[in-house]
Amino acid sequence: MGLQALFFYLFAFVAVASAFMVIWAKNPVHSVLFLILVFFNAAGLFLLLGAEFLAMILLVVYVGAVAVLFLFVVMMLDIDFTELRAGVLEYAPIGGLIGIILAAELIVVIGGSVISPDIAKSVAMPIPALSERTNTAALGDVLYTNYVYFFQIAGLVLLVAMIGAIVLTLRHRTNIKRQNISRQVARTPATAVEVVSVKPGQGV
């Protein structure tokens, strides 16, 4: 067994075991930490495949942003997880149906590669050799040439989702004083200064 195969089995075993612990752990904070471990091992698998760009993106985006965000949200929000688990059986049929669909898709993909091993040679855009083109450059060629419109549409969908989330969660409170720039700029001495005539012996 070569060193590369040894690391592959190590990363794969830890990733699968951590994925099971994500759904098996009773503490949600522990689940998020196991999810971060899954991402690290998946990044190691990408490095073994020569996809160093995808490995770095997985660590920077998912571990550095998404997983940490999940961790802070779980730690800061006071959620009654006992109440949430009480109705988990109601969603069991839908979850089982989604699991069956994913399993069928995996069987089709793996079975297709086993039945016809030459199917990889019929790909319209094969992966170039590392000596000819680096992994990052090859991914950029695909994204910004053949799939540039889909890439822009995906960015637009994410932008609309972000704006929608801000609009839906924004609440204007009536008892809070806010700064009105246009009203401040439009002030004149007549509206800003008030002259009060105070009689002798009286206060303002």
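Biologist: How many helices and how many strands does the secondary structure of the protein come to?

Modeller: In this predicted model, the elements read along the sequence follow the pattern α-α-α-α-α-α-α-α-α. The secondary structure accordingly comes to nine helices and zero strands.

Biologist: Which residues does UniProt list as "transmembrane region", and how much of residues 32-51 is helix?

Modeller: The unreviewed UniProt entry lists residues 6-25, 32-51, 57-79, 91-115 and 149-170 under that name. In the model, residues 6-25 are 95% helix and 0% strand, with end C-alpha atoms 28 Å apart. For residues 32-51 the end C-alpha atoms lie 25 Å apart and strand is again 0%, while the helix content of that span is 85%.

Biologist: What share of the residues of the protein counts as buried?

Modeller: The accessible surface of the protein comes to about 17200 Å², and carbon and sulfur atoms hold 72% of it. Among contacts with a separation of 6 or more, 49% join residues 24 or more positions apart. Of the 204 residues, the share that counts as buried is 11%.

Biologist: Which element gives the most to the largest nonpolar core?

Modeller: The largest nonpolar core has seven residues, namely Ile36, Phe39, Ala43, Ala55, Leu58, Val63 and Ala67. Two elements, α2 (28-48) and α3 (52-76), each give two or more residues to this core. With four residues, the element that gives the most is α3.

Biologist: Leaving aside neighbours within four places in sequence, which residues is alanine 67 in contact with?

Modeller: Alanine 67 is itself a member of the largest nonpolar core, as are Ile36 and Phe39. Once neighbours within four places in sequence are left aside, the residues in contact with alanine 67 are Val32, Ile36, Phe39 and Tyr62.

Biologist: Is asparagine 41 buried or exposed?

Modeller: Asparagine 41 has its place in helix α2, and a polar atom of its side chain lies 2.6 Å from the backbone oxygen of leucine 37. Beyond its neighbours within four places in sequence, asparagine 41 is in contact with Phe11, Val14 and Ala15. Because its relative accessible area is 7%, which falls under the 20% limit, asparagine 41 counts as buried.

Biologist: Which residue, 82 residues apart from glutamate 52 along the chain, has its C-alpha atom separated from that of glutamate 52 by 9.5 Å?

Modeller: Glutamate 52 has its place in helix α3 and counts as partly exposed, at 36% relative accessibility. Leaving aside neighbours within four places in sequence, glutamate 52 is in contact with Phe46, Leu47, Asn135 and Thr136. The residue whose C-alpha atom is separated from that of glutamate 52 by 9.5 Å, at 82 residues along the chain, is threonine 134.

Biologist: How is the aromatic pair of tyrosine 147 and phenylalanine 150 classed: stacked, edge-to-face or tilted?

Modeller: The structure holds five aromatic pairs, and one of them joins tyrosine 147 and phenylalanine 150 with 6.2 Å centre to centre. Tyrosine 147 is partly exposed at 41% relative accessibility, whereas phenylalanine 150 is exposed, with a relative accessible area of 58%. Because the planes of the two rings stand at 50°, neither under 30 degrees nor over 60, the pair is classed as tilted.

Methods: Residues are numbered from 1 along each chain as its sequence is written. This is a predicted model: local features need pLDDT of at least 70, side-chain atom pairs count only at pLDDT 80 or more; totals for chains, interfaces and linings use all residues. Side-chain values use heavy atoms; hydrogens and water are left out. A nonpolar core is a set of buried Ala, Val, Leu, Ile, Met, Phe, Trp, Tyr and Cys residues joined through side-chain atoms within 4.5 Å. Buried means under 20% relative accessible area, exposed over 50%, partly exposed in between (1.4 Å probe, protein chains only). Contact means heavy atoms within 4.5 Å. UniProt positions are given in the numbering used here, feature names are shortened, and annotations may be inferred rather than shown by experiment. Accessible areas come from the Shrake-Rupley method with a 1.4 Å probe; for residues, only the protein chains shown count as cover. Rings of Phe, Tyr and Trp (its six-membered ring) pair if their centres lie within 6.5 Å; planes under 30 degrees apart count as stacked, over 60 as edge-to-face and the rest as tilted. A polar contact is a pair of N or O atoms within 3.5 Å; within protein, one must be able to donate a hydrogen and the other to accept it, and residues adjacent in sequence count only if both atoms are side-chain atoms.
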